Amino acid sequence: MNAHLLDEAIIEALQQNELAVFLQPIVSIHHKAGTNEKCISAEVLLRWPNQEWQALSPSRLIDVIYKKGFGKVFIRWLINNACQRCAELISAHQENIALTINLSSIDLLDADLPELLAQSIALWQIPAENLIIEITENDILVDEIKVAKVIDKIKQLGCKLALDDFGTGYSSMARLRNMPIDIV
């Protein structure tokens, strides 16, 4: 596999809108007494349906996209797609279904991120609380002051914040209490 050709193909796929999002259901097994489990939300997963590069992991896609300087283009695409999917699900099922998107420390250092979220939420007319932003505790540690400002603005929009991989970094329960986290 020629790494240079693969990198070029990934960027072209992003530019040609060939990347896709799939939804992994998040199910509540304790929805209501006497009822079965129910899909209450879903996590947005990145995929590239390409025959030539089938075995490529989403993390490799994202690594190349950011390494080549297309992170802002990608995150705009991802957020817009997530909001569109959320609006479609709400319309089709007449229920509030939340979608979770994973953001990186690079994204959390972008002061424009809250405005980007606000624009997509407004465009697709979804409740902000239906968009859950998932981060890892290591993402918070990159530049705590700058990240905290971006996170505060995201929370002011009404989006929820999920912390993934808690306990793998340096956070403690005491520190977790001081973070504006809704879901661990």
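**Entry 1: the sheet**

I began with the strands, and I found 5 of them forming an open sheet with mixed pairing. Their order across the sheet is β1-β2-β3-β4-β5. I note here that the model is a predicted one.

Which strands stand at the edges? I looked, and they are β1 and β5 (160-164). Each has a single partner strand, so one side of each is left without a neighbour in the sheet. I also looked up the twist: on average, neighbouring strands are turned by 30° against each other, direction ignored.

**Entry 2: β4 and β5**

I turned to one pair in the sheet. β4 and β5 run parallel, and 5 bridges join them. I recorded one facing pair: Ile 132 stands opposite Lys 160 in β5.

I then picked Leu 163, which is placed in strand β5. Is Leu 163 buried or exposed? The relative accessible area of Leu 163 is 3%, and buried means under 20%, so I put Leu 163 down as buried. I also checked how far Leu 163 is from Ile 135, which is 28 residues away along the chain. Their C-alpha atoms are separated by 5.2 Å.

**Entry 3: a helix across the sheet**

Which strands does helix α3 lie across? I traced α3 over residues 71-93 and found that it lies across β1, β2 (38-47), β3 (98-102) and β4. I wrote down its angle to β1 as about 50°.

**Entry 4: α1 against α2**

Next I took up a pair of helices. Two packed helices are described by the angle between their axes and the distance between the axes. I looked up both values for helix α1 (residues 3-15) and helix α2 (residues 58-67): the angle is about 85°, and the axes are 10 Å apart. Angles of 65 to 115 degrees count as roughly perpendicular, so α1 is roughly perpendicular to α2.

I listed the residues that make this contact. From α1 they are Ala 3, Leu 6, Asp 7, Ile 10, Ile 11 and Leu 14. From α2 they are Arg 60, Leu 61, Val 64, Ile 65 and Lys 67. How many residues of each class does the contact of α1 with α2 have? I sorted them into 8 nonpolar and 3 charged residues, with no polar residues.

**Entry 5: two positive phi values**

I looked up two residues for their backbone angles. Asn 17 is not a glycine, yet its phi is positive, at about 60°. I located Asn 17 in the loop between α1 and β1 (20-28). The relative accessibility of Asn 17 is 52%, and exposed means over 50%, so I counted Asn 17 as exposed.

Gln 125 is a residue other than glycine with a positive phi, near 50°. Where is Gln 125 found? I placed Gln 125 in the loop between α5 (113-124) and β4 (131-136). Its relative accessibility is 72%, so I counted Gln 125 as exposed.

**Entry 6: the whole protein**

I closed with totals. I counted 8 helices and 5 strands in the secondary structure. Along the sequence I read the pattern α-β-β-α-α-β-α-α-β-α-α-β-α. The protein has 184 residues, and 42% of them are buried.

I also looked at contacts with a separation of 6 or more: 70% of them are between residues 24 or more positions apart. The exposed area of the protein came out at about 10500 Å², with 51% of it supplied by carbon and sulfur atoms.

Note on methods: Residues numbered from 1 in each chain as written. Predicted model: local features only at pLDDT ≥ 70, side-chain atom pairs only at ≥ 80, totals over all residues. Heavy atoms only, no water. Axes fitted to C-alpha atoms, helices over the stretch in contact; angles between N-to-C directions. Helix = DSSP H or I, 4+ residues; strand = E, 2+ residues; numbered from the N terminus. Parallel < 35°, antiparallel > 145°, perpendicular 65-115°, else oblique. Contact = heavy atoms within 4.5 Å. Nonpolar A, V, L, I, M, F, W, Y, C, P; charged D, E, K, R; others polar. Buried < 20%, exposed > 50% of the residue type's maximum accessible area, 1.4 Å probe, protein only. Areas by Shrake-Rupley, 256 points an atom, 1.4 Å probe, with all protein chains shown as cover. Pairing = 2+ DSSP bridges.
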